[in-house]
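Trainee: I'd like to practise reading strands and loops in a model. Could you walk me through one?

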Amino acid sequence: MAKLKVGDTAPDFTKPWTGEGDFSLSDYRGKWVVLAFYPGDETAVCTKQFCEYRDNRQRIEGLDAEMVGISPQGVDSHEGFISNHDLSLPLVADEGLEVADAYGIKLGSALRRSVFIVDPDGKIAFKDVKLLGLSYTDSSAISEALAEAKAAAGASA
């Protein structure tokens, strides 16, 4: 799949997750959605990333957006990851990397750590794809990017 650009339609998907039923991006049409792709449960940088989101839960909850993590592990692994670290975000299981591939971030049998913000019309409003998985987009940067995307959407409305 070609790499997606800001303004492109976000690929829809339905996958199992740690929430009720399955997660379908299309179910959130009309709302802002933050997709935080990460390589793996219980890995050093991923644990640091999701603990940062947990520790800044108020900032995340104040985004007025649905935010989910997505990685190649299954729901059982995700539930253990959440339990072991008291994480606050629901996690989506992309075991076959179909979602990562659709978003242009599949890297062999893994994925690039990335954040995509999807606007209420289903368009990509922001993307941050890391070349190396050693850094991540923290809650402050996500909050800032979402505020900028909302301001831009308001200016064009």
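Mentor: Happily! This is a predicted model, and we can begin with strand 3, where V33, L35 and F37 point one way, V34 and A36 point the other way, and all are buried.

Trainee: Why do the side chains of a strand split into two sets like that?

Mentor: In a regular strand, side chains alternate between the two faces of the sheet. In our case, V33, L35 and F37 make up one set, and V34 and A36 the other.

Trainee: How many residues of strand 3 are buried?

Mentor: Five of its five residues, so the strand is mostly covered, taking buried as under 20% relative accessible area.

Trainee: Which strands does strand 3 pair with, and in what sense?

Mentor: Strand 3 runs parallel to strand 4 (residues 66–71), joined by five bridges. With strand 8 (residues 114–118) the pairing is antiparallel, over five bridges. Take L35 as an example: its bridge partner in strand 4 is V68, and in strand 8 it is F116.

Trainee: Now the loop between strand 2 and strand 3: where does R29 sit, and is R29 buried or exposed?

Mentor: R29 lies in that loop, between strand 2 (22–24) and strand 3 (33–37). R29 counts as exposed because its relative accessibility is 53%, and the cut-off for exposed is over 50%.

Trainee: Leaving aside neighbours within four places in sequence, which residues is R29 in contact with?

Mentor: P120, D121 and G122. A polar atom of the R29 side chain lies 3.4 Å from the backbone oxygen of D121. As for D119, 90 residues from R29 along the chain, the two C-alpha atoms are separated by 8.1 Å.

Methods. Residues numbered from 1 in each chain as written. Predicted model: local features only at pLDDT ≥ 70, side-chain atom pairs only at ≥ 80, totals over all residues. Heavy atoms only, no water. Helix = DSSP H or I, 4+ residues; strand = E, 2+ residues; numbered from the N terminus. Buried < 20%, exposed > 50% of the residue type's maximum accessible area, 1.4 Å probe, protein only. Contact = heavy atoms within 4.5 Å. Polar contact = N/O pair within 3.5 Å; in protein donor to acceptor, adjacent residues only side chain to side chain. Pairing = 2+ DSSP bridges.
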